[in-house]
Amino acid sequence: MFAVMNVFTGDDAKLKLQVAGWCEALGDYPLFAIRKAAKWAVIGREKLPSVSAFIDDVRLAMGGNVMERHRLLQKLTQQKVG
């Protein structure tokens, strides 16, 4: 995502920190929504959106109640196993 947005400065250490920070912030969100928000960000006006703005787009891409359904499925799966 950073390479597509043309923000890579050649500093590998800085890039690793940025990627680690974004991964930590986005770790609980489904990959399909992250990919969709990344596509939106690439065609957007900002060079690189803030993490909070990107998370807003991820939530929008997920649609309604995705996280609630995910938690319910996890709970039901744990009940069957236990």
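Before I start, a word on naming: a helix here is a DSSP run of H or I with at least four residues, and helices are numbered from the N terminus. Please keep in mind throughout that what you see above is a predicted model.

Let me begin with the overall layout. The protein has four helices and zero strands, so that, read from the N terminus on, its elements run α-α-α-α. Of the 82 residues in the protein, 24% are buried, and I would like to spend most of my time on how helices H2 and H3 contribute to that buried part.

Helix H2 covers residues 31-43, and its end C-alpha atoms lie 19 Å apart, which agrees with the 18 Å that its 13 residues should span at 1.5 Å a residue. The residues of H2 that are buried are Ala33, Ile34, Ala37, Ala38 and Ala41. Because these residues cover an arc of only 140° around the axis, they sit on the same side of H2, while Arg35, Lys39 and Ile43 are exposed on the other side. As general background, an α-helix has 3.6 residues a turn, so residues three or four places apart point the same way.

Helix H3, residues 51-62, has twelve residues, and from its first C-alpha to its last it reaches 16 Å, close to the 16 Å expected at 1.5 Å a residue. Its buried residues are Phe54, Ile55, Val58, Ala61 and Met62. Seen down the axis of H3, those buried residues fall within an arc of 115°, so they line one face of the helix. The face turned away from this buried side carries the exposed residues Ser52 and Leu60. Just after H3, glycine 63 takes a positive phi of about 85°.

How do these buried faces relate to the core? The largest nonpolar core has 13 residues, and those that touch the most other members are Leu26, Tyr29, Ala33, Ile34, Phe54 and Val58. Helix H1 (12-26), H2 and H3 are the elements that give two or more residues to this core.

Two residues of H3 deserve a closer look. Valine 58, which is found in helix H3, counts as buried because its relative accessibility is 0%, against a cut-off of under 20%. Its C-alpha atom is separated by 5.5 Å from that of isoleucine 34, although the two residues are 24 residues apart along the chain. Methionine 62, also placed in helix H3, has a relative accessible area of 10% and is therefore buried as well. Methionine 62 and leucine 31 are 31 residues apart in sequence, and their C-alpha atoms are 9.6 Å apart in space.

Finally, let me turn to the surface. Which residues make the nonpolar surface patch of about 420 Å²? They are Trp40, Val42, Ile43 and Leu60, and helix H2 gives the most to the patch, with three residues. Ile43 and Leu60 have already come up, Ile43 as an exposed residue of H2 and Leu60 as an exposed residue of H3. Valine 42, whose place is in helix H2, is partly exposed, because its relative accessible area is 40% and so falls between the 20% and 50% limits.

To sum up, the buried residues of H2 lie on the same side of that helix, those of H3 line one face, and both helices give two or more residues to the largest nonpolar core.

Definitions and conventions. Residues numbered from 1 in each chain as written. Predicted model: local features only at pLDDT ≥ 70, side-chain atom pairs only at ≥ 80, totals over all residues. Heavy atoms only, no water. Expected span 1.5 Å × (residues − 1). Buried < 20%, exposed > 50% of the residue type's maximum accessible area, 1.4 Å probe, protein only. Arc of directions from axis to C-beta. Patch = residues over 30% accessible without salt bridge, like charges linked within 9 Å, V, L, I, M, F, W, Y side chains within 5 Å. Areas by Shrake-Rupley, 256 points an atom, 1.4 Å probe, with all protein chains shown as cover. Salt bridge = Lys/Arg side-chain N within 4 Å of Asp/Glu carboxyl O. Core = buried A, V, L, I, M, F, W, Y, C linked by side-chain atoms within 4.5 Å.
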